[in-house]
Amino acid sequence: MNSSHTITHRQLFFVIVQSQIGVGVLSLPYTLFAKAKTDGWISLLLAGLFIQVSILAIWKLCELYPKQTIFDFMPKIVGTKLGVVLNALFVVHLFSVCVVILILYNSIVSKWIFFQTPRLVVILILALTCVYCITCTAREIARFLMLVSPLLLVLFFFVAYAYSDVHLLYAFPVGAAGIKTILSGSTDALISLLGFDTALVFIAYTQGKSNSKLKAISYASLCVTLFYCFVTFTTYIFFNPVEIEIVPEPVLYMLKAFSFKILERTDLIFLSIWIVFVTTSLISYFFFTAKGVQKLLKLNHHKSAAPYVGIICALIASIPGSKLDVQLWSKLIGMSALCCSALFPIFLLLIAIIRKRKEKGAVST
Amino acid sequence: MRRVKLISLFSSLLLLTGCWDQTQLNETKLVRAAGFDYLKNGKIRNTASIPQSVNMDAGTGQVNNQIFYAVGNTTRQSRIKLDQKVSEKVDASKNLIVILGEKAARKDIYHILDVFYRDPKSALNARIAVAKGSASDVLSGRFEETETSIGIGTYLNESIRSAEDASIVPVENIQTICPVMFDPGQDFGIPYLVPEKNAVSVNGVAVFHGYRMVGTIHGAQGVLYTLLTGKQKNRSMSITKKISNKHKDKILNYVSIRVKKNKRTFNVNVSPDDKISAHIKLTMNVVITEYPRDNLTSKKKIKKIEQALSKSLTKDANNVLKKLQGMNSDAFGVGRKLIAFHNPTWKKLDWNKEYPNIDYTASIKVKVIGHGIIE
């Protein structure tokens with residue numbers, strides 16, 4: 001690996017933050033509310049805790065196989081043949097994640113601003129931009145993701161502005177939903193927190209001590225969880241519990257009512273900034289996918305895989321048209337993504353540890 | 001080669017605007033005020049004010065208020081019919097104010113407002129008000145101020161805004177009433193407009209219960225209503241109060257104050273035998289703006305005025321609460337407090353039946369912190 005391709009652990013932090021914050025932030029409060037009612041924000045905090053387990057697993061895997069991406073060490077853990085099959089499956093999973101990001105992005109954009117513009121155009125514009133972005137090295141990607149991070153503050157302030165008109169009492173009584181429902185709500189929360197799995201490829205490029213890498217990822221996940229929690233809680237005290245059931249994008253809807261002296265439609269500004277975050281999470285997933293394709297097809301550079309990844313994802317993403325189709329796709333892919341991104345690394349780590357033990361045992365006898 | 005690249009790059013910028021989602025200003029007519037009334041046959045009449053500026057020679061434009069009507073079974077249908085009557089496309093995304101006729105307000109207002117909440121382009125920050133009589137009368141009236149400079153939408157919007165600044169009415173828009181409308185434990189109030197000969201006066205607060213208007217609170221009581229919401233903490237609101245009967249010269253019995261700061265504490269208690277009591281306590285810092293008897297030198301005198309004011313305002317506030325209970329409108333959210341802090345009690349009750357009978361009181365404490373530039 002070329003030395004100019006590496007990133008620092010500080011950059012790793014921003015990469016993870018940017019991949020985690022994405023499409024989900026707008027509708028997260030709504031999906032959480034469907035199960036855990038006004039205690040949705042607690043589900044989210046719990047989900048943040050669960051994710052830490054997956055993060056530990058991912059980090060440990062990457063520590064066992066330094067400077068290698070998941071596609072490099074998969075064959076080493078499960079054997080060459082099975083490794084290729086699992087790699088292929090993992091690439092399919094990544095494709096599906098990219099597709100679902102594009103689908104959700106399109107459904108929101110076409111619902112809120114571009115009513116007339118054809119689906120494929122909206123999707124292709126984003127996909128091709130991302131393809132262009134991933135034709136460079138990991139370092140340049142990380143720099144770009146770091147560059148746009150200050151925009152997070154803008155999102156934060158917009159949401160914080162809602163506190164000019166909130167009803168704090170709507171959040172009470174806390175814990176009314178019961179522990180069981182809160183727990184079941186955290187599965188939905190987990191899906192929206194996905195994105196930390198891009199660490200499986202980005203850690204390989206990160207320089208520095210192993211501990212600082214873990215710290216970077218954990219802090220990133222903590223920041224994102226807290227940010228999401230803040231957003232969710234704000235919408236829960238802005239909307240009445242009865243009302244939130246009919247508002248699928250509470251964050252945007254909330255901002256629609258605010259106007260400043262020179263800005264009349266805050267939601268449109270928010271939406272344009274949000275698109276940047278969709279782009280960044282798509283960039284890291286595209287990069288991840290392209291790396292997988294490169295490994296599978298034994299290409300010299302992931303650059304040559306990028307356009308195909310982008311165009312295939314865009315074409316598939318423009319298939320579902322109606323709202324119900326979108327819901328179905330995002331639900332199915334959400335669940336499969338949860339298994340592949342959050343559970344699979346833990347599973348893989350267990351196998352790797354058992355293997356290593358056996359090898360050690362074999363050597364000592 | 002480099003030049004070709006650059007030129008093609010820059011020319012592609014022109015394509016960035018796209019060509020699907022355009023709304024051109026010269027092809028739209030902007031609705032600035034919309035009114036809704038129920039007709040006798042149950043249909044909805046939509047009144048829209050579309051101001052058109054008429055250019056005069058010196059650049060001073062005069063506004064020509066165009067009013068259009070359309071009748072339909074639903075709000076959206078009436079809007080579509082309106083569109084057929086107007087030469088260009090009607091666009092309500094810059095709407096300033098929605099006026100509901102009193103008859104319409106006394107039915108379910110959500111049925112009318114649904115299109116506003118559903119349409120991604122609608123102006124959710126438009127103000128909303130109830131008009132005495134019908135909304136079309138207010139919108140189509142020829143008022144002195146609208147004749148000269150501004151459209152009716154701007155005129156109504158500004159007059160409500162100044163009423164908000166003076167705390168005659170609470171600050172609300174289409175979106176802010178929505179969560180409260182849905183809330184089983186709280187109700188809301190919006191400005192109540194009365195058309196007069198050559199002006200529209202913001203006369204008080206139209207009080208709602210659930211989705212329906214149930215009554216009004218007029219004049220000075222409106223100020224107390226707004227004070228009791230505890231929301232407008234630092235607005236300047238003026239009240240003139242009679243504090244004694246001693247003087248023959250009637251004007252000397254009065255004092256005018258401006259509230260500088262208003263702090264509310266709101267307690268809801270449930271006794272062991274499930275009796276609900278609620279108490280609102282206001283602590284106001286006021287400035288005396290009119291007191292013709294003068295002589296505000298001694299501390300004793302000021303204390304006396306404070307006491308007299310506190311007493312008479314407390315009485316008024318309790319009257320407002322009585323009135324609200326009589327109308328069964330829980331405008332300050334006693335029910336919400338019960339949901340949040342006494343949830344088991346709340347689940348047992350039928351709030352609509354319980355609310356008029358709870359022990360609901362208010363007390364106001366006035367503190368004079370200034371008296372203008374003379375004593």
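This is a short dialogue on reading a predicted model with chains A and B.

Colleague: Where do I start with chain B? How many helices and strands does chain B have?

Modeller: Chain B has 13 helices and 14 strands. Its C-alpha atoms fill a box of roughly 85 × 60 × 60 Å along the principal axes. Of the 375 residues in chain B, 39% are buried. Take the contacts in chain B between residues at least 6 apart in sequence: 70% of them join residues at least 24 apart.

Colleague: Now the contact between the chains. How many residues does each chain give?

Modeller: Chain B gives 18 residues and chain A gives 21. On the chain B side, two elements give two or more residues each: helix H8 (174-182) and helix H11 (334-341) of chain B. H8(B) supplies the largest share, five residues. By class, the chain B side has eight nonpolar, six polar and four charged residues.

Colleague: How do I read a pair of packed helices?

Modeller: Two packed helices are described by the angle between their axes and the distance between the axes. Look at helix H1 (residues 9-20) and helix H11 (residues 210-238) of chain A. Their axes come within 8 Å and cross at roughly 30°.

Colleague: Is the crossing of H1(A) and H11(A) left-handed or right-handed?

Modeller: The crossing is right-handed. H1(A) brings residues including A:Leu12, A:Phe13 and A:Ile16, and among those from H11(A) are A:Ala216, A:Ile217 and A:Ala220. The contact has 10 nonpolar, four polar and two charged residues.

Colleague: What about the core? Which residues touch the most other members of the largest nonpolar core?

Modeller: The general idea comes before the case. In soluble globular proteins, nonpolar side chains tend to be buried together. Here the largest nonpolar core has 218 residues, and A:Cys98, A:Ile101, A:Leu102, A:Phe286 and B:Ile99 touch the most other members. Helix H5 (residues 80-112) of chain A gives the largest share of this core, 15 residues. Beyond its neighbours within four places in sequence, A:Leu102 is in contact with A:Ile123, A:Leu126, A:Ala127, A:Cys313, A:Ala314 and A:Ala317.

Colleague: One residue to finish. Where is A:Tyr205, and why does A:Tyr205 count as buried or exposed?

Modeller: A:Tyr205 sits in the loop between helix H10 (199-202) and H11 of chain A. A:Tyr205 counts as buried because it has 21 C-beta neighbours inside 10 Å, and the cut-off for buried is 20 or more. Leaving aside neighbours within four places in sequence, its contacts are A:His5, A:Thr6, A:Ile7 and A:Ala138. A:Leu126 is 79 residues from A:Tyr205 along the chain, and their C-alpha atoms are separated by 26 Å.

Definitions and conventions. Residues numbered from 1 in each chain as written. Chains lettered and ligands numbered in written order. Predicted model: local features only at pLDDT ≥ 70, side-chain atom pairs only at ≥ 80, totals over all residues. Helix = DSSP H or I, 4+ residues; strand = E, 2+ residues; numbered from the N terminus. Buried ≥ 20, exposed ≤ 12 C-beta atoms within 10 Å, placed from the backbone. Contact = placed C-beta atoms within 7 Å. Nonpolar A, V, L, I, M, F, W, Y, C, P; charged D, E, K, R; others polar. Axes fitted to C-alpha atoms, helices over the stretch in contact; angles between N-to-C directions. Left-handed = near helix turned anticlockwise from the far one by under 90°. Core = buried A, V, L, I, M, F, W, Y, C linked by C-beta atoms within 7 Å.
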